[in-house]
Amino acid sequence: MSTHDQHQATIASPRPDGQAVADPVVLHGVGRRFGDQQVLRDLTIQVRSGETLVVIGESGCGKSVTLKLMMSLMWPTAGEVHWAGRSVSDLNTAERDRHRLRFGYVFQNSALFDSFDVYENVAFGLRESSNRARPGGHGERDEPDELDEQGIRAVVLDRLEEVGLPVEVCTKNPSELSGGMRKRVALARALALEPSVMLYDEPTTGLDPMMTGVINRLIREVPERRPVTSVVVTHDLSTVRAVADRVVMLEPVSRLGEGEPQVIFSGSVAEALASSDPRVAAFLQGGSDSLEREAG
Amino acid sequence: MATIPVLRSPATPIHCLGGLVLSVVESVGDFSLFSLGVLHQLVLGRPRRRVMLETMYTVGVGSIPMVVVTGVFIGMVLAVQGYASFHHLGMETRIGSVINASLVKELGPVLAATMLAGRVGSSMAAELGTMRVTEQIDAIRALGANPVRQLVVPRFLACFLLIPVLTIVADTVGIIGGWVFSTQALGVNSHFYWVHSRSFVTAFDVTTGLIKSVFFGGAIALVSCYHGFHCQAGAKGVGRAATVSFVASFVAILVLDFFLGLLLDTSYRMAYPAPTSLL
């Protein structure tokens with residue numbers, strides 16, 4: 001197999017009918033450095049269409065950076081990111097912006113706009129998308145259809161209902177919401193544009209066990225209502241158990257030996273729980289070993 | 001965040017100088033690209049009316065009280081300082097010419113710009129910095145919008161369009177403050193105060209001040225938004241962005257003031273050898 005063929009093989013997965021389908025997101029040999037700090041090194045991850053992939057690993061191993069690279073909110077310092085078989089670096093700015101609309105991103109701290117109320121937060125992407133579609137707008141010709149205010153309102157209320165929030169929250173500011181409500185508004189905002197790939201950055205961090213359960217259920221329900229591929233970055237084991245089709249574990253670059261891949265595990269939840277790799281076992285069992293290793 | 005220590009040879013003065021030069025070149029390049037991005041987005045479309053009006057209210061209406069208070073006092077301070085010297089020469093009625101010329105050419109625009117940099121520029125840097133560290137800027141991009149168009153363009157337009165108005169306010173209240181103090185407290189004759197002012201303050205002086213102010217407004221918005229967009233993480237990073245944006249804006253105001261003054265004066269002398277009177 002030539003290098004080109006091997007490369008193509010990493011950006012397409014076989015379907016049961018034998019046809020190869022381009023994976024929605026592939027990181028191929030990706031590295032990322034911040035000044036002197038190497039956070040990611042030669043990282044290769046394939047996200048298969050329709051799956052819920054959970055990325056786990058210790059704090060600081062580059063999970064959130066991986067998610068931002070997937071959506072091209074950040075550029076890799078090495079390697080390539082592919083969206084549906086096309087290298088992101090081959091896309092021009094307009095194509096990249098348009099492709100990016102296929103992603104929904106739930107940020108770690110929700111990242112709701114302080115100066116807008118809940119309604120405007122959820123409507124933001126729809127308005128922007130509408131402006132781009134409008135004649136004389138700043139978008140491309142094949143942007144999504146222009147929505148009038150009534151259409152926007154219908155979508156906003158529908159998404160808020162989907163995440164279990166009442167209409168009354170529409171007029172509230174983000175500062176008036178609890179952590180769980182903010183997460184749900186962030187999820188509603190990400191879903192408003194009907195993305196085909198959902199990215200969740202630590203969706204249950206800082207939430208109580210009950211609200212963690214609610215968010216896990218919502219993450220599980222999203223692909224049941226629409227064809228969505230999900231990538232969840234977390235270190236919450238309840239989230240791993242509740243939502244994962246496949247688990248990938250990253251190891252901090254500082255602990256890797258020469259030439260050792262950063263992905264130290266890739267498989268199902270059951271395989272992860274039964275893994276004989278002491279690093280995976282230590283992480284999944286709550287990590288006293290991991291603390292000892294860090295001290296060592 | 002995981003780190004790999006990078007081995008370095010000991011830094012010599014040459015290394016330090018090289019590092020400094022590289023850092024300056026990188027910052028200038030970054031700022032130039034940022035400014036070009038803002039101009040590009042300005043050409044592509046207008047910001048939302050509601051956002052634009054809110055920003056203009058904050059920048060313009062919100063700055064008027066500060067500009068009025070400082071303008072009045074600057075006018076009166078000029079009267080106090082100028083009176084002693086002119087009184088010795090028996091020319092105290094000419095004090096109006098100095099006060100008014102200083103205000104419309106230099107102090108009015110610089111004062112309005114300084115107030116804008118302190119009150120609005122720092123606040124812009126802190127607001128955008130907070131948005132950056134709380135990932136709101138990333139969220140804008142994730143939702144298919146351009147953060148520069150959403151956040152910087154309205155602020156740039158508001159500063160650019162409203163600073164001439166603030167300058168006119170500063171000029172006017174400064175002139176009134178200087179006149180009231182000179183005539184009511186120092187006993188200068190009001191008629192001759194204005195007669196001498198008329199012969200010194202020209203239409204060109206007023207225009208120069210307003211042209212300069214437009215550049216000041218643009219510079220304040222660009223510098224403040226740039227520092228907000230490149231804010232480091234945490235409360236310390238946001239605080240630093242606000243402080244650095246004010247200092248950098250103030251330096252930019254003074255540097256621009258010098259070069260624009262030089263350029264405009266030279267151009268005027270070449271085009272119109274004899275000054276025309278406005279007042």
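In this predicted model, chain A holds an open sheet of six strands, and following it across you meet β8, β9, β10, β5, β11 and β12 in that order, with mixed pairing. Strands β8 (103–106) and β12 (263–267) of chain A stand at the edges with a single partner strand each, so one side of each has no neighbour in the sheet. From one strand to the next, the twist averages 15°.

Let's start at the β8 edge. β8(A) pairs with β9(A), residues 197–201, in the parallel sense, over four bridges. To find your place in this pairing, look for A:Gly104, which stands opposite A:Met198 in β9(A). Packed on the sheet is helix α2 of chain A, residues 63–70, which touches β5 (52–57), β9, β10 (229–233) and β11 (246–250) of chain A. The direction of this helix makes about 150° with that of β10(A).

Now turn to where the two chains meet. Here 26 residues of chain A are in contact with 17 residues of chain B. On the chain A side, β4 (37–47), α3 (93–100), β8 and α4 (118–133) each supply at least two of the touching residues. The edge strand β8(A) is thus among the elements that face chain B. The largest share, four residues, comes from α4(A). By type, this side of chain A divides into 13 nonpolar, nine polar and four charged residues.

Next comes the interior. In soluble globular proteins, nonpolar side chains tend to be buried together. The largest nonpolar core in this model has 146 residues, and those with the most contacts inside it are A:Leu199, B:Leu116 and B:Cys159. Helix α4 of chain B, residues 95–133, gives the most to this core, with 19 residues.

B:Leu116 is a good place to look around. Setting aside residues up to four places away in sequence, B:Leu116 touches B:Ser63, B:Gly121, B:Cys159, B:Ile163, B:Leu166, B:Gly217 and B:Ile220.

Finally, visit B:Phe160, which is found in helix α6 of chain B, residues 147–185. Is B:Phe160 buried or exposed? B:Phe160 counts as buried, because there are 21 C-beta neighbours inside 10 Å and the cut-off is 20 or more. Beyond its neighbours within four places in sequence, B:Phe160 is in contact with B:Val214, B:Gly217, B:Gly218 and B:Ala221. B:Val214 lies 54 residues away along the chain, yet its C-alpha atom is separated from that of B:Phe160 by 5.5 Å. B:Gly217 also appears among the residues that B:Leu116 touches.

Notes
Residues are numbered from 1 along each chain as its sequence is written. Chains are lettered from A and ligands numbered from 1 in the order in which they are written. This is a predicted model: local features need pLDDT of at least 70, side-chain atom pairs count only at pLDDT 80 or more; totals for chains, interfaces and linings use all residues. Two strands pair if DSSP finds at least two bridges between them. Axes are lines fitted to C-alpha atoms, for helices over the stretch in contact, and angles run from 0 to 180 degrees between N-to-C directions. Two residues are in contact if their C-beta atoms, placed from the backbone, lie within 7 Å. Ala, Val, Leu, Ile, Met, Phe, Trp, Tyr, Cys and Pro count as nonpolar, Asp, Glu, Lys and Arg as charged, and the others, Gly among them, as polar. A nonpolar core is a set of buried Ala, Val, Leu, Ile, Met, Phe, Trp, Tyr and Cys residues joined through C-beta atoms within 7 Å. A residue is buried if 20 or more other C-beta atoms lie within 10 Å of its own, exposed if 12 or fewer, and partly exposed in between; C-beta atoms are placed from the backbone.
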